[in-house]
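Q: Hi! I have a structure open on my screen and would like to talk it through. Can you help me look around?

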Amino acid sequence: MQNDPYIVEGYNTQLEFASCKSVPYIGFVGGRGSGKSTALAMWLYKWSLLERGLYGMYAPTFPLLSDTIQRVFLTIAKPHIKELNQSKNTIRMFNGSEIICRSLDDPEHARGPSLRGAVWDEASLSKQEAFDILIACLRYEGKQGTLLCAFTPRGLQHWTADVFNNPQRPDARCFHATTSQNPFNPPDFAETLRRQYTKKFAQQEIEGGFISLGGTLMNREWFKIVTAIPPLRSVIRYWDMAATLSDGKNDPDWTAGAKVGRTEDGRWIILDMRHARLTPGGNEMLVGHTASVDGKMVKIGMEEEPGSSGKSVVDHYRRTVLLGYNFHPMRPTGDKVVRAMPLAAAAEAGNVMILEGKWNKDFLDEVEAFGYDCPHDDQVDAAAGAINMLAPKFIRPHAGTSARPDEVPRDELIETFRDILDQASTPAEREELLRILYGQDRTGAVVKGSLA
């Protein structure tokens, strides 16, 4: 904090943004890590002190609200905060200004009292309906209020582009920042991100550009079709589930299960793809039969949908359909395009192969159409999910075949029998369970393991 209580250390674009009140709608459009949340907090801090009144703080979800914009604001504005009311989720400043903090997962949460100003973090992750409702609140004491939105673009067809990338709108102004412009990032942060993205996606996520990504994120030529399986370190089958049949009038999602291997030289190979529209019972049969064909040395992953229903589905598969298999659910983070970037970046670098099969054309057709607006992306989701689950681990190879007991990776043994190991009531009992699980090494010493 500098001597002036209204100024927080920032770079030029952030400081200019924090001083702007010239139009009703002001955007801070930037790449990942460009300091968007900080820019919003700076604006709210300054103007809530200069012009006493009621303000709003918004984010697409409550976790995003509490973990980003609210956390930043509470840190930089601490000298002038009188009270944080956690039950009402409001902030009161010493000068009398009050800030209401809300998530917009339901656009109706945007309704409320008249506001002098509002800041909205990650606005491009919310629906336009929330914007349309919120701007009607900008009428404090009969005067036009100001809405500040910070976000990374989501394409030319998104509502944020219509507001902040439209030179015909006199009521909006846009400040633009790239990831590399933020001097407070770690050294080479932008280039580290760039290596994980395709060139096209980097224009959006690092440069903060409004570009069209529909059908341009991946090319089918990036995926080399091979007829033989190279030596593998590990294999996983990952499922992206759907359970609606087509009635000729609808176009529902598909269930897709990608079997992906990590090669000894660090590349990826998509070994097989299961792709079908089935009932819930049909899905169970498909997943169960595929697991028996793949063999128990193939790890199984599945996307866990948010909420209690997603947990119930995963629990059902764990206890009934996939009992005895190395099954792990994964709750995805970020949108589908972001989650697909490790797959896309590896493919662009020539590091993704696909095993020749009848499924190749359907998969490559989907690859070519993949983007924010593509009608179906189930196979890409499944392949990306497999890579995202498998990437952190480098274990020994089994391409769905049996393995000798001494070849079974210890991490996978731990995960498979974790429920039993967790029941150990004493360290000695746990040690005995590990002895049974691992056996002894050639010198007769017990092979120790960690449950951490």
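**Cysteines, cores and empty spaces**

A: Happy to! We can begin with C101, which is buried, at a relative accessible area of 2%. Keep in mind that this is a predicted model.

Q: And what about C137, buried or exposed?

A: C137 is buried, with a relative accessible area of 4%.

Q: How many disulfides are there, then?

A: The count comes to zero disulfides. A disulfide is a covalent bond between the sulfur atoms of two cysteines. To be counted here, a pair of cysteine sulfur atoms would have to lie within 2.5 Å.

Q: OK, new topic. Which residues touch the most other members in the largest nonpolar core?

A: That core has 40 residues, and the ones touching the most other members are M218, F223, V260, I270, L343, V352 and F363. Helix α12, residues 378-390, gives the most to this core, with eight residues.

Q: Can we zoom in on F223? What does F223 touch?

A: Leaving out residues up to four places away in sequence, F223 touches M218, L343, A347, V352, I354, F363, L364 and V367. M218, L343, V352 and F363 are also on the list of core residues that touch the most other members.

Q: What else is there in the way of cores?

A: Another core lies apart from that one, and it has 35 residues. Y11, A77, I91 and I99 are among them.

Q: Now the empty spaces. How much space lies in the largest pocket?

A: About 1500 Å³. A lining of 47 residues surrounds that pocket, and L64, E122, L125, G334 and D335 are the closest to its centre.

Q: Which elements give two or more residues to that lining?

A: They are α2 (36-50), α3 (62-76) and α10 (336-348). The one that gives the most is α10, with four residues.

Q: How does the lining of the largest pocket divide by class?

A: There are 17 nonpolar, 16 polar and 14 charged residues in the lining of the largest pocket.

Q: You mentioned E122 a moment ago. Where does E122 sit?

A: E122 is in the loop between β6 (117-121) and α4 (128-134). Its relative accessibility is 21%, so E122 counts as partly exposed, the cut-off for buried being under 20%.

Q: What's the phi of E122?

A: Near 50 degrees, which is a positive value in a residue other than glycine. As background, most residues other than glycine have a negative phi.

Q: And what is phi for D188?

A: About 65 degrees, so positive again, although D188 is not a glycine. D188 is found in the loop between β8 (172-177) and α6 (189-194).

Q: Is D188 buried, or is D188 exposed?

A: D188 counts as exposed, at 58% relative accessibility.

Q: Back to empty space: how many cavities of 30 Å³ or more are there?

A: Two. The largest cavity has a volume of about 90 Å³.

Q: What lines the largest cavity?

A: The lining residues are Y238, D240, E303, M330, P332, K336, R339, D381, A382, A384, G385 and N388. At least two of the lining residues come from each of β10 (232-240), α10 and α12.

Q: Which element gives the most there?

A: That is α12, with five residues in the lining of the largest cavity. Helix α12 is also the one that gives the most to the largest nonpolar core.

Q: Last one: what classes are in the lining of the largest cavity?

A: Five nonpolar, two polar and five charged residues.

Note on methods. Residues numbered from 1 in each chain as written. Predicted model: local features only at pLDDT ≥ 70, side-chain atom pairs only at ≥ 80, totals over all residues. Heavy atoms only, no water. Buried < 20%, exposed > 50% of the residue type's maximum accessible area, 1.4 Å probe, protein only. Core = buried A, V, L, I, M, F, W, Y, C linked by side-chain atoms within 4.5 Å. Contact = heavy atoms within 4.5 Å. 1 Å grid on protein atoms, 1.4 Å probe; cavity = no way out; pocket = protein on both sides within 12 Å on 5 of 7 lines; lining within 4 Å. Points joined across faces, edges and corners; volume = space filled by probe spheres on them. Nonpolar A, V, L, I, M, F, W, Y, C, P; charged D, E, K, R; others polar.
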